[in-house]
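Me: I have a structure to look at and I am new to it. Please explain the labels as we go.

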Amino acid sequence: MPRPTVATSLSAKLLLLTILFVLLAEVLIYAPSIARFRMSYLEERLAAAHIAALSVEAAPDLMVTKELQAKLLAYTGTHVIDLIQPGARVYMLSRPMPPQADAVYDLRGTGMGMQFVDAGNALWLAMEGALGGAIGPQRDRVIRVIDRSPNDPAQRVEVTMDERPLIDAMLDFSRRILAVSVAISLIAAILVYVTLHALLVRPMRRLTAEVVAFRRDPDGAPPLVPGTRADEIGVAERELAAMQGTVRAALRQRERLATLGTAVAKINHDLRGILSTASLLSERLTESADPEVRRVTPRLVASLDRAVELCGQTLSFTRDGVLPLSPAPAELRRLVEDAGAEVLATARPDGGRVEAEWINEVPVGTPVTVDAAQLGRALVNLGRNAVQAGADRVRISAEAGPSGRLTLTVADNGPGLAPRARENLFQPFAGSARAGGVGLGLAIAREVLRAHGGDLRLVESAAAGTTFALDIPQCNVDIGAIAVAGHKSFVSH
């Protein structure tokens, strides 16, 4: 597994995201800040203009000299000052040839939204002028500002001034904001990075390394020693340590079971050969002249056949492992008939022959895509279990399900499953429903269905009989569209 590079590591992403989020926060703060700065600048100019205009009231005949008027206008940075008092008295200071105003801003009742717009418009015009845009000359335009006097709200002040000093002040303020924002972003990013790296990144790297090492060598990897943290990282460490212990124990048990299975398979192979030879020799006892020998010989042969079957099933179960499937199109009714023929040829545990009905109600021409041999094996196991438990009738029917699935129902009229068999149903060597059984038939049948992507389940089991359902997903046919009545396929007496 490739290790993450510096650019793709969690630490780098954490640092980058922290810087971006802090800068985003600064941008959101900048908009009201620059609007407020512009308003404060204009209010300062209006307050200074109010004070300058009061000099007219102190002058003889309400007239100031041109020299003083020029100094006052230069001090306030304006071209024209009008002070309108409540009595409609106007004090005015003006240059000899004041320029015409390019824009008028009445600050009385201006809301925050309009302040944002005015500040943004001023900066936009300044940027276009700096880049040589079509309206670049408006960078030095003249504006007229109207508002109540900051010194006395009862009086109104109107000034005509150049916008350039205001824009220069706003740009200087923006540069200071940018510098502070970058500094705050870096400091916050470093602090957050160092903190989260210690609290999250390093523990996550440790957990990742432990998982990778355990995946490569579950037995050789050193066990994880969890810390004492009470947060999610601590929980993950403790759960990982517990999982490692569980997996190691399961692997050791699996290894021991595999060794035991190999040994059992070898023993069963040899034992099966010995029993087969004994079974062949026992059949010759039926020709004995002794009536007692002829009477007990069928039981002996049946016992040997059961022992051979036990060895064969055990060998198949330990050898097969994951069932290899070879799905191919097949005709389901024919498959059920072949399974019935094999079931009805099976001897009972007492040595007698099967006397049962195999009722095949699967519609003719029902197509399926399955491994016919494996599915037939599952049906044979179910049928044999039924007739060997005492059933004299086994009925197989088919029903279409959702999403192209098909359900085969295998119902018998036997005595039902014993409580012990129900408790250990589908468990190898534990779920036998009859005396002398090994409990592999249902386990193998369920493995076959699950290997096909379906399942085997018990529908009901009572004194009137037992019903199993085989879910098969590889079917795309409308069962209801095939109107064929079921009938008895085989009857053996």
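Reply: Here are the labels, each with the reason behind it.

Me: What kind of model is this?
Reply: It is a predicted model.

Me: What does the secondary structure of the chain come to?
Reply: It comes to eleven helices and 13 strands. Of the 493 residues, 37% count as buried. Among contacts between residues at least 6 apart in sequence, 69% join residues at least 24 apart.

Me: Why is Ala330 called buried?
Reply: Buried means under 20% relative accessible area. Ala330 has 19%, so Ala330 counts as buried.

Me: Where is Ala330, and what does Ala330 touch?
Reply: Ala330 is found in strand β6, residues 328-331. Leaving out residues up to four places away in sequence, Ala330 touches Thr366, Pro367 and Val368. Ala330 and Val368 are 38 residues apart in sequence. In space they are 5.4 Å apart, C-alpha to C-alpha.

Me: What makes Ser149 count as buried?
Reply: The cut-off is again under 20%. Ser149 has 2% relative accessibility, so Ser149 is buried. Ser149 sits in the loop between β4 (142-148) and β5 (156-162). Not counting residues up to four places away in sequence, Ser149 touches His50, Gln155 and Val157.

Me: How do you know the span of α8 is close to the one expected?
Reply: The expected span is 1.5 Å times one less than the number of residues. Helix α8, residues 332-344, has 13 residues, and 18 Å is expected. From first C-alpha to last, α8 reaches 18 Å. The two values agree closely.

Me: Which residues of α8 are buried?
Reply: They are Leu332, Arg333, Leu335, Val336, Glu337, Ala339, Gly340, Val343 and Leu344.

Me: Why are α8 and α9 called oblique to each other?
Reply: They pack at an angle of about 45°, with their axes 9 Å apart. Roughly parallel needs an angle under 35 degrees, and roughly perpendicular runs from 65 to 115. The angle of about 45° fits neither range, so α8 and α9 are oblique. Their crossing is right-handed. The contact includes Leu332, Leu335 and Val336 of α8 and Ala372, Leu375 and Gly376 of α9.

Me: What makes α9 roughly antiparallel to α11?
Reply: The angle between α9 and α11 is about 150°, and their axes are 9 Å apart. Angles over 145 degrees count as roughly antiparallel, so the label applies to α9 and α11. This crossing is left-handed. Among the residues that meet are Gln374, Leu375 and Arg377 in α9, with Gly441, Leu442 and Ile444 in α11.

Me: What makes a set of residues a nonpolar core?
Reply: Its members are buried nonpolar residues such as Leu, joined through side-chain atoms within 4.5 Å. The largest such core here has 39 residues. Leu408, Leu456 and Leu470 have the most contacts inside this core.

Me: Which elements give two or more residues to this core?
Reply: They include α8, α9 (372-388), β10 (406-412), α11 (441-451) and β12 (465-472). The largest share, seven residues, comes from α9.

Me: What does Leu408 touch?
Reply: Leaving out residues up to four places away in sequence, Leu408 touches residues including Leu332, Val362, Leu379, Ile396, Phe468 and Leu470.

Me: How many residues are in the other core?
Reply: That core has 32 residues, among them Ala52, Tyr91, Leu107 and Met161. It lies apart from the largest core.

How values were computed:
Residues are numbered from 1 along each chain as its sequence is written. This is a predicted model: local features need pLDDT of at least 70, side-chain atom pairs count only at pLDDT 80 or more; totals for chains, interfaces and linings use all residues. Side-chain values use heavy atoms; hydrogens and water are left out. Helices (H or I, at least four residues) and strands (E, at least two) are DSSP runs, numbered from the N terminus. Buried means under 20% relative accessible area, exposed over 50%, partly exposed in between (1.4 Å probe, protein chains only). Contact means heavy atoms within 4.5 Å. Axes are lines fitted to C-alpha atoms, for helices over the stretch in contact, and angles run from 0 to 180 degrees between N-to-C directions. A crossing is left-handed if the near helix is turned anticlockwise from the far one by less than a right angle, and right-handed if clockwise.
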